[in-house]
Amino acid sequence: MQKKLIFISLITVVVIIAAIPAGFLYVLNNGNPYTKYIANKHVPAYLEEQGYTDREIADAHYVEPKHLINRDFYHGHYMVVFKDERDITYYYGVTKKGERGKAVLRERYSSSKWCY
């Protein structure tokens, strides 16, 4: 009985030691799945609230910025390109503080210049 308990404890420790680096590498390569879920949940609903339909949107998906933009927002953003403004990319973020989970327009990028 004692050997079985030691064996199970040893296996548990080995699995935990292997899972932590694997999880860390997953987040580095693919982004945080929680922030992706938050952005995919709140931003399309926000765009719908603002009156935008799928027919007006050319491209919309989650993006993971390479650097930290603002600590008041979750790291992942939602990139939207509208059909009538194909040269402008809009980035929507989800706030951490205040109204939790509120999606807002973070920044607008044109192929020629940055616009705020």
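**Figure 1. Ile8 in helix α1 of the predicted model.** Ile8 sits in helix α1, which spans residues 2-30. The relative accessible area of Ile8 is 46%, so this residue counts as partly exposed. Ile8 also belongs to a nonpolar patch on the surface, together with Phe7, Ile11 and Val15. The accessible area of these residues together is about 380 Å².

**Figure 2. The protein chain as a whole.** The chain has two helices and five strands. Along the sequence they follow the pattern α-α-β-β-β-β-β. There are 116 residues in the chain, and 30% of them are buried. About 8600 Å² of the chain is exposed, with 58% of that area supplied by carbon and sulfur atoms. Contacts can also be sorted by separation along the sequence: among those between residues at least 6 apart, 36% join residues at least 24 apart.

**Figure 3. Strand β2 and its two covered faces.** Strand β2 covers residues 77-82. Six of its six residues are buried, so the strand is largely enclosed by the rest of the structure. In a regular strand, side chains alternate between the two faces of the sheet. One side of β2 carries His77, Met79 and Val81. The other side carries Tyr78, Val80 and Phe82. The residues on both sides are all buried, and both faces are therefore described as covered.

**Figure 4. The pairing of β1 with β2.** Strand β1 spans residues 57-63. How many bridges join β1 to β2? Six bridges do so, and the two strands run antiparallel. One of the residue pairs is Val63 with His77, where His77 is the bridge partner in β2.

**Figure 5. The hairpin of β2 and β3.** These two strands form a hairpin with two residues between them. They run antiparallel and are joined by four bridges. Among the bridge partners are Tyr78 and Tyr92, the latter in β3. Another pair is Met79 with Tyr91, and Tyr91 also lies in β3. Strand β3 covers residues 85-94, and seven of its ten residues are buried, so β3 is largely enclosed by the rest of the structure.

**Figure 6. The aromatic cluster of Tyr52, Phe82 and Tyr90.** The model has four aromatic pairs. In one of them, the ring centres of Tyr52 and Phe82 are 4.7 Å apart and the ring planes meet at 40°. An angle under 30 degrees would count as stacked and one over 60 as edge-to-face, so the pair of Tyr52 and Phe82 is tilted. This pair links distant parts of the chain: Tyr52 lies in the loop between α2 (33-49) and β1, whereas Phe82 lies in strand β2, 30 residues apart. Phe82 pairs with Tyr90 as well, and here the arrangement is edge-to-face. The centres of Phe82 and Tyr90 are 5.4 Å apart, with 70° between the planes. Tyr52, Phe82 and Tyr90 form one aromatic cluster.

**Figure 7. Exposure within the aromatic cluster.** Are Phe82 and Tyr90 buried or exposed? Both are buried. For Phe82 the relative accessible area is 5%. Buried means under 20%, so Phe82 falls in that class. Tyr52 has a relative accessible area of 32% and is partly exposed.

**Figure 8. Glu85 in strand β3.** Glu85 is a residue of strand β3. Its relative accessibility is 27%, so Glu85 counts as partly exposed. Which residue has its C-alpha atom 9.8 Å from that of Glu85? The residue is Glu56, and the two are 29 residues apart along the chain.

**Figure 9. Thr95 in the loop after β3.** Thr95 is found in the loop between β3 and β4, and β4 spans residues 103-110. With a relative accessible area of 13%, Thr95 is buried. The C-alpha atoms of Thr95 and Tyr74 are separated by 6.3 Å. Along the chain, Thr95 and Tyr74 are 21 residues apart.

How values were computed: Residues are numbered from 1 along each chain as its sequence is written. This is a predicted model: local features need pLDDT of at least 70, side-chain atom pairs count only at pLDDT 80 or more; totals for chains, interfaces and linings use all residues. Side-chain values use heavy atoms; hydrogens and water are left out. Rings of Phe, Tyr and Trp (its six-membered ring) pair if their centres lie within 6.5 Å; planes under 30 degrees apart count as stacked, over 60 as edge-to-face and the rest as tilted. Buried means under 20% relative accessible area, exposed over 50%, partly exposed in between (1.4 Å probe, protein chains only). Two strands pair if DSSP finds at least two bridges between them. Patches are made of residues with over 30% relative accessible area and no salt bridge: like charges are joined within 9 Å, nonpolar side chains (Val, Leu, Ile, Met, Phe, Trp, Tyr) within 5 Å. Accessible areas come from the Shrake-Rupley method with a 1.4 Å probe; for residues, only the protein chains shown count as cover. A salt bridge is a side-chain nitrogen of Lys or Arg within 4 Å of a carboxyl oxygen of Asp or Glu. Contact means heavy atoms within 4.5 Å.
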